[in-house]
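The report below goes from the whole chain to its largest pocket and then to a few single residues. Please keep the sequence and the model at hand while reading.

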Amino acid sequence: MWRCSDELRVCADELHRSLRRDAKHCIEFWKRIPSSEPYRVILGDVRDKLYQTRERSRQLLSHGMSEIPEEANFTNIEQFLEPLKLFYKSLCSCGDRPITDGSLLDFLRQVSTFGLSLVRLDIKQESDCHIDVLDAIAKHLEIGSYREWSEEQKQEWLLSKLSGKRPLFGSDLPKTEEITDVLDAFNVLAELPADNFRAYIISMATAPSDVLAVELLQHECHVKQPLRVVPLFEKLADLEAAPAALARLFSVDWYKNRINRKQEVMIGYSDSGKDVGRLSTAWKLYKSQEELIKVAKQFGMKLTIFHVVVGLLEEEVVQLILLYYLNHQKLLSNHLGRSTCALEHSSVL
């Protein structure tokens, strides 16, 4: 198809003259496309970038490095949508709206919904793991034990490092296997496109420093588009302290600017249910939500509360399976016992 808008024509001509046609995997592809077919020229560039995006992600996951430069592939969904939207506008301006409102519009919706990764992942890690990393860093810097500091000391140190530009640690940092795993996760966040991920969830969160710790680790590992950090309050004591912790967090100017007045909080059933039982847990969760909403309104924040109910259901299923297994074993044992007695009785006879 040669008929197109002037904007699309200019874009196609620039691409046709670019050095991308010399890429190894698309030499034959470019030989077959004349400049008089602008839509195919742009689609060729889209295909190349999709190929390079896939290959770069594969190489990073397999080897931890890639020879494909980041600028040669799609790093966010808007880059992928841009040529598709250009097609839509061009076809509409040329009187080909039946084409745009069919397969092209469907594809635009699919891309907008599923992005480059099909499913966006949440990253979840326990707060103690982050404390271990920061404790190792503090000891390596010979400034004490992060784990033993008060909450005020932790916040002050974390905020000072978040505002600084000097690297906090290097390759000489002593690492256990657990610390390596935590830092490797942040390195993956830095390497892969941001559209692959959604939020960073901190399980067993107890204090504002837990949130700031993740922010600092994202900063130190050079995560270009930091994930939003979501504290998960699970135990009864943590649920009761959650409103105060959130209020202290919202009082930090750096953090308020970082989140753009939007905060997500997760509250859990499983561990709180173990503490006080299901009925008391339900009541505490209800009260905690009311208090969290009050805090959010007080500081002018938009709060999203996410309920974690899967853990409790899973535990109930496990208990049912275990109960069934034990009953089955008991019945089997009784059956074998009766069979043995009958066999012994018949032998005597």
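How much surface does the protein expose, and what share of it do carbon and sulfur atoms supply? The protein exposes about 20600 Å², of which carbon and sulfur atoms supply 56%, with accessible areas taken from the Shrake-Rupley method with a 1.4 Å probe and, for residues, only the protein chains shown counting as cover.

This is a predicted model, in which local features need pLDDT of at least 70 and side-chain atom pairs count only at pLDDT 80 or more, while totals for chains, interfaces and linings use all residues. Residues are numbered from 1 along each chain as its sequence is written, and side-chain values use heavy atoms, with hydrogens and water left out.

The protein has 14 helices and five strands, which are DSSP runs numbered from the N terminus (helices: H or I, at least four residues; strands: E, at least two). Of its 349 residues, 42% are buried. Among contacts (heavy atoms within 4.5 Å) between residues at least 6 apart in sequence, 73% join residues at least 24 apart.

The largest pocket holds about 310 Å³ of space, a volume being the space filled by probe spheres set on grid points that are joined across faces, edges and corners. A pocket is an open set of points on a 1 Å grid over the protein atoms alone, where a 1.4 Å probe fits, with protein on both sides within 12 Å along at least five of seven lines; lining residues have an atom within 4 Å of a point. Its lining has 14 residues, with C11, D45, Q79, E82 and P83 nearest the centre. Two or more lining residues come from each of α1 (6-17), α3 (38-63) and α4 (77-93), and α4 gives the most, with five.

Three residues illustrate the accessibility classes (buried under 20% relative accessible area, exposed over 50%, partly exposed in between; 1.4 Å probe, protein chains only).

| Residue | Relative accessibility | Class |
|---|---|---|
| L118 | 58% | exposed |
| L43 | 41% | partly exposed |
| N73 | 5% | buried |

N73 lies in the loop between α3 and α4 and, leaving aside neighbours within four places in sequence, is in contact with K49, Q52, T53, R56, I68 and Q79. L43 is placed in helix α3, and its C-alpha atom is separated by 9.8 Å from that of F87, 44 residues apart along the chain. L118, in the loop between α5 (97-114) and β1 (121-126), forms a nonpolar surface patch with F114, V119 and L121, together having about 400 Å² of accessible area. Patches are made of residues with over 30% relative accessible area and no salt bridge, like charges being joined within 9 Å and nonpolar side chains (Val, Leu, Ile, Met, Phe, Trp, Tyr) within 5 Å; a salt bridge is a side-chain nitrogen of Lys or Arg within 4 Å of a carboxyl oxygen of Asp or Glu.
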